[in-house]
Each structure stands twice: as structure tokens, then as C-alpha cells.
Amino acid sequence: MENPTKILAMHPGMQGLFPAKPDRWEFIDTDGNVEQTIADVGNSVEILLSASIEKLDKEMLDRFSNLKMIASISAGFSNIDLDECRARKIAVTNAPGLNSGDVADVAVTMLTSLLLNMPQNHQYIMSDQWITKSGPIRHSVRNSPIGIVGLGSIGKEVVKRLEPFGVDIKWWGPNPKPEISIPYVASLGELAQQSRGLVVCCRPDQSTHHLIDEKLLDQLGSDGVIVNVSRGTVVDEKALIAALKSKRIGGAGLDVFDPEPTNSSRWADVPNIILSPHQGGTTFETLFAQAQLAQNSIENFLDGKPLVTSVF
């Protein structure tokens, strides 16, 4: 009988996503301390299970001299040094598209809550400002101009959920898509100027680092709100916090941060925000589906067959 393949799950509880683990897999027991496990037995690890959060750069990969594959139980892989993996002939697989609907649910919930002034209404009551029968008045969501930054699988799911609200949707991305009927705006700045709400769901890479900066936030304006479900690095957080505190924009909803986890003190006195701990795509249903896809790819890899999903 051949020796079982040694697999390291980078996060506690990840092993529980594989109730039908193949017999030829051997999960390395971390006893709750992944860092110490890597120091002790990193050279024996053949396959890493990643959640696209931990940084798998050259320095980290150096700790796994026998690594053959990285399986990300997530659509994202921006945490992985792909050039280094190519050089080391490490296969990389991910789980694209499976959590797009879940992420879109969070994005649209945040956006509509911000457009409906929910954070302000909550504070209005909690600060005992409700001393008359008539509270603050808001604009209707209907016909509100909404901009989507990046019309990939998540962006398309956002559109599906927004359309019943009767909003006016436009989008921007680095590459126009003639097959898409939604109006395309030539520049991100123009999209921000034309939008009351902006949903950021573009691919995170070097080209989108701090794509949302001080200038862009000023173009969005004091009535505008922004939601980020991409990655924290896409938004300049310092500029965002300054814009919120000075009321140069109306509100923000964040499911992603830079860095993660974020510190509560960073947001303690920031008005009109909705925060979520990078859980947009984390549902029981999606996690098990992503794990099954990863399992299928790992099994194919061990059998010398093409990966079900391959990053390169």
C-alpha cells in the first residue's frame, strides 16, 4: 500500500469540510497551532488547503520543500505567489463562482441598508434624538443610480438582486463586454460621479491596489455610499475613514479590510458604516460545495488527471 498523501489545512475546522475524505489522504494534526506545525513538519507537507487569507509568498513556500499542490477553498488566490509556484511546479487550484451569490447577498443588503439610511436611523434612536413624531427624511431607492465596479460572477449576481429595486445600473471594468446590456461607463471616475451607490467587486491584484482612493471618493460625493466585497487592498482605508469622518461621502459597507482582521478601534468613531468580518461568501452550503470541488481536484491531481479548476 502506498504511503498516504500528507495534507495540511491552514485553518482550524477546515478538515471538517471533508466528511468523505479519501483513505489515501492524511491530514496533519496541528493541535490548534498551524504555525508550530509548519515549523515542525512543514517539509513533509505535500498539499496545502488554503482559504485565500494566509499569505503564501516565497518566504512561506520556502517552508514546504516537498509541496506539490495548493488547493484554495475559495474563488480568490491573490494571496498566492503564482510566479513562485510556477517556478517550483506547484499546482494551484481554486473554487470559482460557487460563493458569488452569497457575496452578492451581503453586498446588496449593505448597499440598500446604506441607501435607506439604516445606520443613521439606528443612531437617531440610540442617541435619543427621536423627540418628535417625524424622523429624518430620505431619498427613495427607486431610480437611484448605482455603479458596479467589476462585472464578473459576483457583479452579475449583484445586478440580479438589484434589478427588482428599480435602480439605474451602470458599470465599469478594465475591459468592456459588448455582450452585456447594462450601460458601460468609460472611466471609474465618471461612474463614481454618476452614482449614488458604488459596489466594488472587481478582481484584486496589483492593478486594482487602492483603486478607490481619495480622489474617487470625492467624485462619489457627500450623498454617495460605497460597498466593498472585493478585497481590502482595493480601497484606501485611510482615505475612506477620512471621507466618512468629514462627511465627504454618505456611508460605507465593508466585508473586507486591509489588513485582516481589522481592529475595532479603527472604526470606533467612524459614522455611517456597516462592517462584516469577511464572511460574504462563507455559508455552510458554499463551504461544503467548495471543499468538494477542492477534493475532486486533489483526487485528479493524485491520479495524474487534469484539475477540475486550475489557476494556471
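**Exercise 1. Glu 214 and its partner**

Work out whether Glu 214 is buried, partly exposed or exposed in this predicted model, then find its salt-bridge partner.

*Solution.* Start with the accessibility: Glu 214 has a relative value of 45%. Partly exposed covers the range between 20% and 50%, so Glu 214 counts as partly exposed. Next, look for a basic side chain: Arg 248 meets Glu 214 in a salt bridge, at 3.9 Å from N to O. Now place the two residues. Glu 214 belongs to helix α8 (residues 214–220), while Arg 248 sits in the loop between α9 and β10, so the pair links distant parts of the chain, 34 residues apart. Finally, check Arg 248 itself: with a relative accessible area of 26%, this residue is partly exposed.

**Exercise 2. Two more salt bridges**

Find which residues Arg 24 and Lys 160 pair with, and where the partners lie along the chain.

*Solution.* Take Arg 24 first. Its salt bridge is with Asp 303, and the closest N and O atoms are 2.9 Å apart. Arg 24 lies in the loop between β1 (5–9) and β2 (25–27), whereas Asp 303 lies in the segment after α10 (284–302); the two are 279 residues apart. Both count as partly exposed, Arg 24 at 23% relative accessibility and Asp 303 at 43%.

Then turn to Lys 160, whose salt bridge is with Glu 157, at 3.3 Å between the closest N and O atoms. Here the partners are three residues apart in helix α6 (residues 153–162), which means about one helical turn separates them. Lys 160 is exposed at 52%, but Glu 157 is buried at 18%.

**Exercise 3. Around strand β10**

Identify the strands that pair with β10, and determine whether its faces are covered.

*Solution.* Begin with β9 (residues 225–228), which pairs with β10 in the parallel sense over four bridges. Val 225 stands opposite Gly 251 in β10. The chain runs from β9 through helix α9 (residues 237–245) to β10 in a right-handed β-α-β crossover. Next comes β11 (residues 273–275), also parallel to β10, with three bridges; Ile 273 is the bridge partner of Ala 252. As a last step, inspect the faces: Gly 251 and Gly 253 on one side are buried, as are Ala 252 and Leu 254 on the other, and both faces are covered.

**Exercise 4. An aromatic pair**

Classify the ring pair of Phe 18 and Phe 27.

*Solution.* The ring centres are 6.0 Å apart and the planes meet at 55°. Tilted pairs fall between the 30 and 60 degree limits, so this pair is tilted. Both residues are buried, and together with Trp 25 they form one aromatic cluster.

Note on methods. Residues numbered from 1 in each chain as written. Predicted model: local features only at pLDDT ≥ 70, side-chain atom pairs only at ≥ 80, totals over all residues. Heavy atoms only, no water. Buried < 20%, exposed > 50% of the residue type's maximum accessible area, 1.4 Å probe, protein only. Pairing = 2+ DSSP bridges. Right-handed = clockwise from strand over helix to strand, strands pointing away. Phe/Tyr/Trp six-rings, centres within 6.5 Å; stacked < 30°, edge-to-face > 60°. Salt bridge = Lys/Arg side-chain N within 4 Å of Asp/Glu carboxyl O.
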